[in-house]
Amino acid sequence: MDLEDLDSPPLDGAGKVWLKAMTRPQLLAWAQTTLGARPMQAEKIWAGLHRHLAATAMALPGLDADLRTRLDASARIDALALNDVHTASDGTRKLALRTDDGAVIEAVLIPGVFGDQARATLCISSQVGCAMGCRFCLTAKMGLLRHLSAAEIVEQVILARRLFPETWISNVVFMGMGEPLHNLDAVIAATRILCDDHGIGLSARRVTVSTSGLIPAIQRYVAESPARLAVSINATTDEIRDQIMPVNRKYPLGALIAALRALPLRRNDRVTLEYVLLADLNDTPADVERLAALVAGLPCKLNLIPFNPHPGSEFRRPAPERVLAFKAALQAHHLNTSIRATRGDERMAACGQLGRVPGPEDARPGRPSPPRSRRPPGLVLV
Ligand code: SF4
């Protein structure tokens, strides 16, 4: 779908238009043509949703009662319901959010570093589950249930802002449940909506979409989204990456790095390369040398993520001194390298820990299982 195409506005299950799935030009045009709103009224609908964070049509400020009633009859304001909030001792909060069809997705609010509780990063989900099968990731164990709509993606940010008004959510990362670039139309639309200056107004430099390496989708994403890109590398040989990230069998490491080198990046832009450190698997001195050679000359910064264990995982987190040595060795190659602080892990809110841990209730006879969507075409994963 052309994102500016209004022939097919996104609808919920009851046939109502998802207002938060529309970019501002789409919403303004839809409100005028479908509701008969004047241009200024259409602007007020947009501002009411994305600036005033109104939860219902009746709470949208500055509209007359008749327009509110027409809006309420034909459109959806809310896209998710709050199920639960878990707070870790470091202030990290995991939000469990329920969709119309009963799925639960997760978003994580991570306070600023060094105790800056007034500023935060929100990590959001793009799918219910994930098809990519990364072996170190809890979400992978769910498989893919379905894509989220752009409205459900944007709603995670709006709900978090509404719930925690004292916290300035300055950064948003698409690193929660799902492979964002597997849900490309919705993710591009969501990044445009989140970065719209007349609405939520996030800086495009502070919105980052992370991918496991879907090369054709990366190229379209960079061309069409204002936001930044992060790519999970996680290994320095195809042999290891094939084992831990099945996507590598379709888009191997060499092709992925070549595609990143060919991207038409904006001036001063860098791709973030994420590297989950797994003890004795990808954290050796030889890995440092191979990684440095792979990315030499690529405008990038490396983000090292010590593995966050979850029940049943087969991997271990390297010792802290090993993580520091890995970082120092990369810096010796003049690579911009940082270590992501582990936040919220005792509440299963850390990187790679999102998703439901299978429990005894899953074995209960008669328990209905959620519907599994077919893996969308074009993805051949083994
Ligand atoms: S790491 Fe990301 S892409 Fe890989 S299975 Fe988990 S959610 Fe999916």
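Ten strands line up in one open sheet, ordered β3-β4-β5-β6-β9-β10-β11-β12-β13-β14, with mixed pairing (two strands pair if DSSP finds at least two bridges between them; strands are DSSP runs of E, at least two residues, and helices runs of H or I, at least four, numbered from the N terminus). This is a predicted model, where local features need pLDDT of at least 70 and side-chain atom pairs count only at pLDDT 80 or more, while totals for chains, interfaces and linings use all residues. Residues are numbered from 1 along each chain as its sequence is written.

**The sheet**
- β3 (81-87) and β14 (337-339) sit at the edges with a single partner strand each, so one side of each has no neighbour in the sheet.
- On average, neighbouring strands here are turned by 25° against each other, direction ignored (axes are lines fitted to C-alpha atoms, for helices over the stretch in contact, and angles run from 0 to 180 degrees between N-to-C directions).
- Helix α4 (residues 150-163) packs on the sheet and touches β3, β4 (93-98), β5 (104-111), β6 (119-123) and β9 (168-174); the direction of α4 makes about 155° with that of β9. Contact means C-beta atoms, placed from the backbone, within 7 Å.
- β10 (residues 207-211) and β11 (residues 228-232) run parallel, joined by four bridges, and Thr211 stands opposite Val231 in β11.

**Around the ligand**
- The surrounding residues are Cys130, Met132, Gly133, Cys134, Cys137, Thr139, Ala140, Met177, Gly178, Glu179 and Ser212 (C-beta atom, placed from the backbone, within 6 Å).
- That shell splits into six nonpolar, four polar and one charged residues (nonpolar: Ala, Val, Leu, Ile, Met, Phe, Trp, Tyr, Cys and Pro; charged: Asp, Glu, Lys and Arg; polar: the others, Gly among them).

**Buried spots**
- His147 belongs to strand β8 (residues 144-147) and counts as buried because it has 23 C-beta neighbours inside 10 Å (buried is 20 or more other C-beta atoms within 10 Å, exposed 12 or fewer, partly exposed in between, with C-beta atoms placed from the backbone).
- Leaving aside neighbours within four places in sequence, His147 contacts Gln127, Asn183 and Ala186.
- In helix α2 (residues 39-50), the buried residues are Ala42, Lys44, Ile45, Trp46, Gly48, Leu49 and His50, and their cover includes α1 (24-34) and α3 (65-74).

**Positive phi in loops**
- Asp280, in the loop between β12 (271-277) and α9 (285-295), has phi near 65° without being a glycine; Asp280 is exposed, with 10 other C-beta atoms within 10 Å.
- His334, in the loop between α10 (320-332) and β14, has a positive phi of about 65° and counts as exposed with 9 C-beta neighbours inside 10 Å.

Key:
The expected span of a helix is 1.5 Å times one less than its number of residues. Two residues are in contact if their C-beta atoms, placed from the backbone, lie within 7 Å.
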